[in-house]
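Welcome, and thanks for taking a look at this chain with us. Below is a short tour, arranged by topic, to read alongside the structure.

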Amino acid sequence: MHTIATNDLTTQDIQALDSAHFIHPFTDHGDLATRGARVITKAEGIYIWDSEGEKLLDAMSGLWCVNVGYGRKELADAAYQQMMTLPFYNSFFQTTNVPAVKLAAKLASLAPHGGDRSFEHVFYSSSGSESNDSNVRMVRRYWDLLGQPQRKVIISRHNAYHGSTMAGASLGGMSGMHAQGDLPIPNITHIGQPYFFENGKPGESADDFGIRAAGWLEEKILELGADKVAAFIAEPIQGAGGVIIPPPTYWPEIQRIVDKYGILLISDEVICAFGRLGHWFAYENLATNLIW
Ligand SMILES: Cc1ncc(COP(=O)(O)O)c(C=O)c1O
């Protein structure tokens, strides 16, 4: 029998407090006001429980992020030890700390290597949205330092999801989010998504569609002028936009195009990395087509 960990508050008490004080993202507030929020109280392995004692299979892994399941004692112990030793310090002003260095080195060792596609450096952020905001600034700075400050435009895709901050939502291609915030911000533009079942033509093979869909990137680069384009950003598999898996021909063709025009490729792996597609990083799958 599961114990409901609600600190002696009833589900209704919690729902009332929730309604009075807690603003939820991505929520139908009319529905929330009528039915009240579902209160999650406990999790273990792949399951979560709500305040009514109902056990649920957490098929979405939290928000696509609980890759190793809930209730991992080794993670709790490591966090406890570190909280007691050094719970916080910053990395500004030529300062560092041991766990941050060790993790950066570990991530670099796990990241894809080979040719000019070795990833040796790590920049930490607290969320996917913040990562993509940082991406916009880093990409601009990169081209500034190379003496090409006119390369400002980042190309993304319709229906992409890259987060909920100003830059994240602008990089994303969700029209509802754009409408709410006067977005996208300048110098971000979108091309079609490689969704074969919606955009494939009658008689067209998935492979042919993949090449055609990648071609939309080249068309956009030529329309804007290659010397104005800084980067292309995309999720290896579009998650929030509908779990859209591009045909096997798509990513190699995208890689060929960005290489041809010397444009940076940002692989947004917020939900595709760390084993989710069978590799540490989804980027390793892109050219080898293991996902179809
Ligand atoms: C591909 C992708 N990028 C960015 C984000 C934003 O991450 P966060 O919610 O941590 O800001 C998400 C969130 O699901 C995502 O799926």
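Two strands are said to pair if DSSP finds at least two bridges between them. With that in hand, arginine 157 of β4 can be placed opposite isoleucine 191 in β5. Please keep in mind that this is a predicted model.

**The chain as a whole**

- The secondary structure of the chain amounts to twelve helices and seven strands.
- Its C-alpha trace spans about 65 × 50 × 40 Å along the principal axes.
- Of the 292 residues in the chain, 24% are buried.
- Taking the contacts with a separation of 6 or more, 62% join residues that are 24 or more positions apart.

**How the strands line up**

- β4 (153-157) pairs with β5 in the parallel sense, over four bridges.
- β4 also pairs with β6, again in the parallel sense, and here there are three bridges.
- Within the β4 and β6 pairing, isoleucine 155 stands opposite phenylalanine 232, while isoleucine 154 has alanine 231 as its bridge partner.
- β6 runs parallel to β7 (residues 264-267) as well, joined to that strand by four bridges.
- Alanine 231 turns up again here, with leucine 264 in β7 as its bridge partner.

**Covered and uncovered elements**

- Why is β6 largely enclosed by the rest of the structure? Six of its six residues are buried, so the strand is largely enclosed.
- β4 is largely enclosed too, because four of its five residues are buried.
- Helix α4 (residues 73-85) is hardly covered: zero of its 13 residues count as buried.
- From its first C-alpha to its last, α4 reaches 18 Å, close to the 18 Å expected at 1.5 Å a residue.

**The nonpolar cores**

- In soluble globular proteins, nonpolar side chains tend to be buried together.
- The largest nonpolar core in this model has 28 residues, and those with the most contacts inside it are Ile154, Leu217, Ala231, Phe232, Ile233 and Ile254.
- At least two residues of this core come from each of β4 (153-157), α7 (166-171), β5 (188-191), α10 (206-224), β6 (229-234) and α11 (250-261).
- Which element gives the most to this core? That is β6, with six residues.
- Isoleucine 154 makes a good stop on the tour: leaving aside neighbours within four places in sequence, this residue is in contact with Val136, Val139, Leu171, Asn187, Ile188, Ala230, Ala231 and Ile233.
- Another core, of nine residues, lies apart from the one just described, and Ile271, Leu277, Phe281 and Tyr283 are among its members.

**Around the ligand**

- Which residues come nearest to the ligand? Of the 14 residues around the ligand, they are Ser127, Gly128, Ser129, Gly163 and Val270.
- The elements giving two or more residues to this shell are α3 (61-64) and α6 (128-145).
- Sorted by class, the shell holds six nonpolar, six polar and two charged residues.

Notes:
Residues are numbered from 1 along each chain as its sequence is written. This is a predicted model: local features need pLDDT of at least 70, side-chain atom pairs count only at pLDDT 80 or more; totals for chains, interfaces and linings use all residues. A residue is near a molecule or strand if its C-beta atom, placed from the backbone, lies within 6 Å of it. Ala, Val, Leu, Ile, Met, Phe, Trp, Tyr, Cys and Pro count as nonpolar, Asp, Glu, Lys and Arg as charged, and the others, Gly among them, as polar. A nonpolar core is a set of buried Ala, Val, Leu, Ile, Met, Phe, Trp, Tyr and Cys residues joined through C-beta atoms within 7 Å. A residue is buried if 20 or more other C-beta atoms lie within 10 Å of its own, exposed if 12 or fewer, and partly exposed in between; C-beta atoms are placed from the backbone. Two residues are in contact if their C-beta atoms, placed from the backbone, lie within 7 Å. The expected span of a helix is 1.5 Å times one less than its number of residues.
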